[in-house]
Amino acid sequence: MSDVALLLRQVTLRYRNALLAKAVLVSALGVGIVWVLAGRLGAMHRASLWSVGVPGIVAIIGLASLVWWLRRHWISLRGAASHLDNALGLQQRLTTAAEFARHAPPPPLYSLLIEDTARRFSTERMRFPRLLDRTTALLAIALLLLLGWPGSAHVPLRLAQRPLTAPPTPPPPVEPPPEFPRDNQPQQQQDPSAQRGSSSERQQQPGSSETSQSSQSPQPSSPSSSSEQAGSQRQQAGQSRDQASSQEGGDQQQGGNRASHPGEEREQQRGGADHQARSQERNAQSPASTEGDSADRRGEESGTSQGRSEGDQAAHESGQRGASSPSSSQSSASLRDDVGREGSQSFGGQEAMRADIQQLLKEVSGELKALQAKLAAAEPHAQPDAGTSTDPQLYESPMKLDRATGNALPVQLQTDTAPTKTPRPGGGVGRPSGEVSDASPSVHPEEAQLSDEPREEAPTAHQPVPPEYRSVFDRLRQRDTQPTQARP
Amino acid sequence: MLLEGVPGLGKTLLAKSFAQALGLSFHRIQCTPDLMPADILGTQLVVDRDGRKVFEFAKGPVFTHILLADEINRATPKTQSALLEAMGEQQVTISGKTYQLEEPFFVIATQNPIEMEGTFPLPEAQLDRFLFKIFVGYPSPAELSQILRQTTTAETAVANATLPREQAQGWILNARRLVREVLVARAVEEYVVRLVTATRPSDDGTENPAKRLLRYGASPRGAQAILMGAKVFALISGRVNVSFEDVDRVILPALNHRVILSFEAEAEKRTAPDILTELTQPLRRTSDQ
């Protein structure tokens, strides 16, 4: 094998190796991109069409592009010679030498060709496929971007932390009404302030030390503790209402022995308990419970009449409960306290979040109401309701026409001043000028005079009546000539 | 070689200088309508030798190394055809007797494109025997200045012979053999074939640009002319192999006079060089890949 042929083989092998190495690197980067892309789409809980289809399409397109690129740049021995000729400007020296290398015997000028080619050949100027070029750099950047994209990375974590469905919230522990000693009932009736104090003490009893302290503190220290406090205070509010209603129930059970103003005392007690419950709820910034808050809202809007009815019902129910289990009330109360505490602690996070959201909604609604009130106050007159009345400011005040101008509207119509192409003088729109065109026929005005001679009206020539209708016409003529008869 | 140009551009001087530089014999023929073939080839003369009248062949101007036929289109077709055998076969047959022309034999013909009235355009067969057709244009201002300096002064420029007269003939013959030894790669051959094929209007009904512009395309003699010219250019460039660039340099001179324009091309006042450039330019780009 000649030197040139050997040289060509070495160059071809080196070129192919460089090409394959670049293809492997590009393939690895492409596989990495597809893998990361599939992972991202799968972690975002997209449909399978997206999480599988998109990476699949990207992989197919990348593979086809790589195969096409390899086929385009792959060179044979003859192709290597042509590539070198073009790259090094050898003017087909290598191609000719590679072709005539197989001839036996070689042509007379072949040696001169080899000598000339070897003198000009240099692999230093040869450009082989680079491993790191623009394509690989772009792919690497794309892969890094996909790996380090912040948005998609946090989504799966966030989803993992938050449960998909909200766990069912346990009902708040219902504390049985405390047992009141029968001997102390008249004293409690007579002294509402003492009852209030006892009720507050009893409210403090079921709660733990933490919750009692937290219920008295107006500002919670942390969101989690505030949520616990809210839960406990709500329980206490419910308990206070129950206590108030139980007192009423107890009074009702007693059936008598009421003070001079039982209704007033009852109302005072109820109002005090309700007020206390409301204040505790406001301090805790917790949403109202089902019965108590609805009762509070209705009480705020339309007196305490409905609240009284609900309170009576609750009192009746609690009184029945109190009557049914008087002995185990304290133990059950302590058990319920423990359960409630644990529940509040376990569901404190969710409750706190819910409380935050509801508080935010309240604030937003309050701001909206305030804005509406401001708008209403700013407007001099009330806005008409939609579809009910007309906006009084829709139309301007009526405008009086000036009689001097002949009741002419101040609106300038286009047609008043529109140019016309009438050839007749005085023609067109506008006031008549009184001019008579020369083209018009001459008119000689004359006065109308009646003739002295009687004027006999000559019978007009009518169309002859057909014979078959002659009788009808005769009858009609006779009717016309007869004097008209008076109509009934 | 056929040189076409307006009078006064130095076509005759070029041929004469060419012959002087090579150290070869040179004859000039001024073609006129009354020029006879015997005036070019030679004739049989009756001479008195040893008291006997014999026919002796008197050689004509064609028996030289370099023959210049000025305004060949003014000679009659009969006279023009008298050069066909000499140009094609390097021999002359007169009265049944064949006389070989001395090697190297080279014909340079000139043509005046403006005085076509009363002229006899060369037939395609004779045109095809010319290796190249070169359009001689006006000189540039710098060249004109040099021409004036060289031809209007007391010392006129004369071409010096590069080789001694007795060695010129052998050297040129060796050079001719060397040209034929120049190596041509298959890719270059295929390139020449593509170029010549592109000038032929297709007969199978397919549309190609040559079908509209050319009536007849280049013959195989045109491909030979291209390759031979490319080989010479390769040797001139110091190479022993032909490259694509060498082929590109001889395409137009080798095919200018070998294609016949169609009526549509003549109506559009297109010239052969323009059409050949249009047909071969797309092929030239792909040949370098």
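**Close-up views of a predicted two-chain model**

**View 1. A salt bridge within helix 17 of chain A.** In this predicted model, A:D474 and A:R477 bring their side chains together in a salt bridge, with N and O 3.2 Å apart. Why do these two residues of helix 17 sit about one helical turn from each other? Both belong to helix 17 (residues 470-481) of chain A and they are 3 residues apart, which means a separation of about one helical turn. As you look at the pair, note that A:D474 is partly exposed, because its relative accessibility is 30%, and that value falls between the 20% limit for buried and the 50% limit for exposed.

**View 2. A buried pair that links two helices of chain A.** Here the side chains of A:D116 and A:R93 form a salt bridge, at 2.6 Å from N to O. This pair connects distant parts of the chain: A:D116 comes from helix 5 (residues 110-120) and A:R93 from helix 4 (residues 93-100) of chain A, with their positions 23 residues apart in the numbering. Are the partners buried or exposed? A:D116 has 6% relative accessibility, so it counts as buried. A:R93 has 2% relative accessibility and therefore counts as buried too.

**View 3. A salt-bridge network in chain B.** Move over to chain B, where B:E264 meets B:R212 in a salt bridge whose closest N and O atoms are 2.7 Å apart. Because B:E264 is in helix 11 (residues 263-267) and B:R212 in helix 8 (residues 209-213) of chain B, the pair ties together parts 52 residues apart in sequence. B:E264 counts as partly exposed at 34% relative accessibility, and B:R212 is likewise partly exposed, at 35%. Which residues are joined into one network by salt bridges that share partners? They are B:R212, B:E264, B:E268, B:R270 and B:E278. For context, a search of the whole structure gives 17 salt bridges over all chains.

**View 4. A hairpin in chain B.** Strand 6 (residues 91-94) and strand 7 (residues 97-100) of chain B run antiparallel and are joined by 4 bridges. To find your way along the pairing, start at B:V92, which stands opposite B:Y99 of strand 7. The hairpin has 2 residues between its strands, and B:S95 takes a positive phi near 55°. As a reminder for reading such a view, side chains in a regular strand alternate between the two faces of the sheet.

**View 5. Where chain A meets chain B.** The contact draws on 17 residues from chain A and 20 residues from chain B. About 1,400 Å² is buried between the two chains, and carbon and sulfur atoms give 60% of that area. In chain A, the residues that lose the most area to chain B are A:Q91, A:Q92 and A:L109, together accounting for 38% of what that side buries. How many salt bridges are there between chain A and chain B? The count is 0, while 5 residue pairs are in polar contact across the interface.

**View 6. The chain A side of the interface.** Helix 3 (77-88), helix 4 and helix 5 of chain A are the elements that give two or more residues to the side touching chain B. Helix 4 gives the most, with 5 residues. By type, the residues on this side of chain A divide into 7 nonpolar, 6 polar and 4 charged.

Conventions:
Residues numbered from 1 in each chain as written. Chains lettered and ligands numbered in written order. Predicted model: local features only at pLDDT ≥ 70, side-chain atom pairs only at ≥ 80, totals over all residues. Heavy atoms only, no water. Pairing = 2+ DSSP bridges. Salt bridge = Lys/Arg side-chain N within 4 Å of Asp/Glu carboxyl O. Buried < 20%, exposed > 50% of the residue type's maximum accessible area, 1.4 Å probe, protein only. Contact = heavy atoms within 4.5 Å. Buried area = accessible area lost by both parts, 1.4 Å probe. Polar contact = N/O pair within 3.5 Å; in protein donor to acceptor, adjacent residues only side chain to side chain. Nonpolar A, V, L, I, M, F, W, Y, C, P; charged D, E, K, R; others polar.
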